[in-house]
Every structure is written in C-alpha cells, then in structure tokens.
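Me: I should like to understand how open spaces in a protein model are described. Please explain the terms as they arise.

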Amino acid sequence: MIVLLLFVYPTISAKQLVGTDLTQAVPLTLAAAAGALIFGHVKFGVTGSLIIGSVPAVLIGSMLSSTVPDRYIRPVIAFVIFASGLKYVGVGTTALGWTLVVVLLSGAAFILMQLRGTDA
C-alpha cells in the first residue's frame with residue numbers, strides 16, 4: 001500500500017505516508033488474523049515471534065517518522081521496499097544481503113560525492 005501512496009501522492013509527507021499506511025494496515029491485518037483463526041491455519045510459535053518483532057518496530061518507526069525530516073525517511077522507505085521487492089521475486093538470502101550492501105555503499109558514496117560538491 002505504501003508504494004501506491006508514494007506514486008499517487010508524491011508530495012505527501014513521510015509522517016502522513018506512514019500514518020496512512022498504518023491506518024489501512026491495522027484493520028487489514030486484524031481481518032487476516034481473524035480469517036486464519038477461523039480456518040485453523042495459525043502457528044502460534046511463528047505468530048508470537050512475528051508479534052514480538054513487529055510491534056516494537058512499528059512503534060519505533062512511527063515515532064521516528066513523525067520527528068525525523070522527510071529527506072531521511074523517504075530513502076529508508078525506498079530501501080525497505082526495494083529489499084522486499086527483491087525477496088518477493090525470489091532473490092536468495094545471501095544474494096539479497098550482498099545486493100543490499102552494494103546498494104548501501106553506492107548510496108553512501110553518492111551522498112559523499114554530493115557533499116564534497118557543495119563544500120567546494
């Protein structure tokens with residue numbers, strides 16, 4: 001959903017983007033969980049691990065997105081979406097890790113070049 005929001009509303013702030021995504025994601029997740037419970041397709045060990053990992057991440061991410069400027073949040077959102085997309089199309093874990101390292105290093109090099117260009 002966040003990708004669609006980025007394309008449809010390119011000028012929306014990161015705070016509004018994350019808030020809008022959470023507003024639609026929470027009811028959708030609750031409905032999916034209820035359906036899984038009704039049909040008996042729940043593995044409580046996996047469910048517990050997901051909750052333990054995701055709830056703090058969502059809380060921290062929503063707090064950061066409301067205080068950190070958009071110019072820092074948007075690249076992070078794009079990086080996470082890129083990583084998810086690569087995994088979705090079947091990129092293996094090791095290849096994904098190396099690809100993301102290369103992307104991060106390339107991005108850091110680009111930013112450093114930009115900063116040097118403005119200092120001169």
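Me: What makes α3 stand out in the lining of the largest pocket?
Reply: With 14 residues, α3 gives the most to that lining. The model is predicted, with local features needing pLDDT of at least 70 and side-chain atom pairs pLDDT 80 or more, while totals for chains, interfaces and linings use all residues. Residues are numbered from 1 along each chain as its sequence is written, and side-chain values use heavy atoms, without hydrogens and water.

Me: Why is α3 called a helix?
Reply: A helix is a DSSP run of H or I with at least four residues, numbered from the N terminus; α3 spans 44-67, and therefore α3 meets that definition.

Me: What makes a residue part of the lining of a pocket?
Reply: A pocket is an open set of points on a 1 Å grid over the protein atoms alone, where a 1.4 Å probe fits, with protein on both sides within 12 Å along at least five of seven lines; lining residues have an atom within 4 Å of a point. For the largest pocket there are 36 such residues, and Asp-21, Leu-22, Ala-25, Ser-54 and Val-58 lie nearest its centre.

Me: Which classes make up the lining of the second largest pocket?
Reply: Eight residues are nonpolar, one is polar and none is charged. Ala, Val, Leu, Ile, Met, Phe, Trp, Tyr, Cys and Pro count as nonpolar, Asp, Glu, Lys and Arg as charged, and the others, Gly among them, as polar. The lining includes Gly-107, so Gly-107 counts as polar. In this lining α5 gives the most, with five residues.

How values were computed:
Helices (H or I, at least four residues) and strands (E, at least two) are DSSP runs, numbered from the N terminus.
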